[in-house]
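Please look through the sequence and the model below before reading the numbered points of this note.

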Amino acid sequence: MAWQVINREIAAAPADGKPLLTEEVKAKIARFFPKYETRRAVLIPALHVVQETFGNVSYQAMKEIGEFLAVPPSEVLDTMSFYSHFWTGDRGRKVIVVCRSLSCQVMGHEALLEALRRHLAISEHETTPDGQWSLMTEECLGACEHGPCMLINERLHAKVRPDDVARILADPNCDKE
Ligand code: FES
């Protein structure tokens, strides 16, 4: 898989200059220390904690995670940018995840992705200006026989054709089971 392209225009520090990683957030990360041999090994759990807390992992957060775990910030960025799960900017209220694995690929995932890009006027790993939608791809969503598949938040949509996109996205409950 390809590394995600990072938007380097995102502000590196919070406007008020205060650290993002409060003692409470650090304590949540520190709970993983006994389970790993080194602090460095806690990097991925730390990224999860930060994203769950703030909704994304900003550059300031990456710098502070690096300081807390004694890992160079470049390594935090390297790890973080490898996983499409982590976001440097804000995610939309509804996150669309299109499967990019083989079965869905064969069944037309690229045409589906293109229809979504056109409909929302955003690219992969971007969010619409109104904060409603984000678009991303991930490996197998576990419904290979029903490709091409996509998730909208927790709801799986199977056998989605490009022509279905407008109808599905117009449904206010498209992200609910
Ligand atoms: S290959 Fe798409 S859900 Fe498994």
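1. How many salt bridges does the rule find across the interface of domain 1 and domain 2? It finds zero across that interface, a salt bridge being a side-chain nitrogen of Lys or Arg within 4 Å of a carboxyl oxygen of Asp or Glu.

2. This is a predicted model, in which local features need pLDDT of at least 70 and side-chain atom pairs count only at pLDDT 80 or more, while totals for chains, interfaces and linings use all residues. Residues are numbered from 1 along each chain as its sequence is written, and side-chain values use heavy atoms, with hydrogens and water left out.

3. Domain 1 covers 1-88 and domain 2 covers 94-170, with bounds that come from an automatic or database domain assignment. Six residues from domain 1 and eleven residues from domain 2 take part in the contact, which is counted for heavy atoms within 4.5 Å.

4. Cysteine 99 is buried, at a relative accessible area of 2%, and cysteine 104 is also buried, at 2%, where buried means under 20% relative accessible area with a 1.4 Å probe and protein chains only. The structure holds zero disulfides, that is, pairs of cysteine sulfur atoms within 2.5 Å.

Methods. Buried < 20%, exposed > 50% of the residue type's maximum accessible area, 1.4 Å probe, protein only.
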